[in-house]
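User: I am new to this structure and would like to go through it by question and answer. Please keep the answers short and show the reasoning.

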Amino acid sequence: MAVINGTNHFLKDKAEVEDADATMTFGKKTELDTFSPEDGIIFLIGFTGSKRHTLAELLSDKLSMSVQAPDEIPSLDALQTLCQQKGSIIVVPQSAIRNEDVRNALRNHGKVFYLMTELLHLAHNLGLDAEQGRETLGADFSELEPHMLASLHFILHGWKEPEDLIENVLEPLGLL
């Protein structure tokens, strides 16, 4: 194998340009939506054990938003009632993702963050061993994760601690 030392083999052709200080960016530039903590709604979706409630409380303190954590959202009407309280962080119960009308409406009513994590991490957070986690959580995980992925605006790394996710929420909202 030949080893090349130095830079004398680099291309050194020069070209005349109109403006030597100009720059060009390739790709689609997207502007961040303007999110108002006073008027907006943040939905936190994920599985039981993903620490959505802890993240909601931390975000509430940071953004001066209220937290709503209903035990269920059985219908689209129930979701719309929750959304009447602007400036809210809504912790969506895992069971609400089973309702097609509810999950399809989330994106239209606010910004949806999915705390994505793996089954074993959820089991650990719930005090279960790996086998108990598979038995207890596996069916729901297989059924609901595709729906959660289809409902989100943004993914959060659910294996991180909630304190480490604050910036991951603020940045896409344009609040950093």
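User: Is strand S4 largely enclosed or largely open, and how many of its residues are buried?

Analyst: This is a predicted model. A residue counts as buried when its relative accessible area is under 20%. S4 is largely enclosed by the rest of the structure, because the buried residues number 5 of the 6.

User: Which strands pair with S4, and in what sense?

Analyst: S1 (41–45) and S4 (111–116) pair over 4 bridges in the parallel sense. S4 also pairs with strand S5 (residues 154–157), again over 4 bridges. The partners are thus S1 and S5, and the sense is parallel.

User: Which residue of S4 is the bridge partner of Ile45, and which residue of S5 stands opposite Leu115?

Analyst: The pairing of S1 with S4 gives Ile45 a bridge partner in S4, Tyr114. On the pairing of S4 with S5, the residue opposite Leu115 is Leu156.

User: Which residues have the most contacts inside the largest nonpolar core?

Analyst: The largest nonpolar core has 25 residues. Two or more residues each come from S1, H2, H3, S4, helix H4 (119–125) and H5. H5 gives the most, with 4 residues. Those with the most contacts inside the core are Phe43, Ile45, Leu79, Val92 and Leu106.

User: How many residues are in the other core?

Analyst: Another core lies apart from the largest one. Met65, Ile89, Val91 and Leu156 are among its members. Its count is 18 residues.

User: Which residues of H3 are buried, and why are they on the same side of the helix?

Analyst: The buried residues of helix H3 (residues 100–109) are Val102, Arg103, Ala105 and Leu106. They are on the same side of H3 because the arc they cover around the axis is only 165 degrees. What they pack against is strand S1, helix H2 (76–83), strand S4 and helix H5 (130–151).

User: Which residue caps the N-terminal end of H3?

Analyst: A side-chain oxygen of the capping residue lies 2.9 Å from the backbone nitrogen of Asp101. That residue is Asn99.

User: How far apart in sequence are Glu161 and Lys51, which form a salt bridge?

Analyst: Their closest N and O atoms are 3.0 Å apart. Glu161 is in the loop between S5 and helix H6 (166–170), and Lys51 is in the loop between S1 and helix H1 (52–63). Glu161 is partly exposed at 35% relative accessibility, and Lys51 is partly exposed at 28%. In sequence the two are 110 residues apart.

User: Which residues are joined into one network by salt bridges that share partners?

Analyst: Arg98, in the loop between S3 and H3, forms a salt bridge with Asp140 at 2.5 Å, N to O. Arg98 also forms one with Glu143, where the closest N and O atoms are 3.1 Å apart, and this pair is 45 residues apart. Shared partners thus give one network of Arg98, Asp140 and Glu143.

User: Are the residues of that network buried, partly exposed or exposed?

Analyst: Partly exposed covers values between the 20% and 50% limits. Arg98 has a relative accessible area of 37%, Asp140 is at 26% and Glu143 is at 36%. Arg98, Asp140 and Glu143 are therefore partly exposed.

Methods: Residues are numbered from 1 along each chain as its sequence is written. This is a predicted model: local features need pLDDT of at least 70, side-chain atom pairs count only at pLDDT 80 or more; totals for chains, interfaces and linings use all residues. Side-chain values use heavy atoms; hydrogens and water are left out. Buried means under 20% relative accessible area, exposed over 50%, partly exposed in between (1.4 Å probe, protein chains only). The arc is that of the directions from the helix axis to the C-beta atoms. Contact means heavy atoms within 4.5 Å. A polar contact is a pair of N or O atoms within 3.5 Å; within protein, one must be able to donate a hydrogen and the other to accept it, and residues adjacent in sequence count only if both atoms are side-chain atoms. A nonpolar core is a set of buried Ala, Val, Leu, Ile, Met, Phe, Trp, Tyr and Cys residues joined through side-chain atoms within 4.5 Å. Two strands pair if DSSP finds at least two bridges between them. A salt bridge is a side-chain nitrogen of Lys or Arg within 4 Å of a carboxyl oxygen of Asp or Glu.
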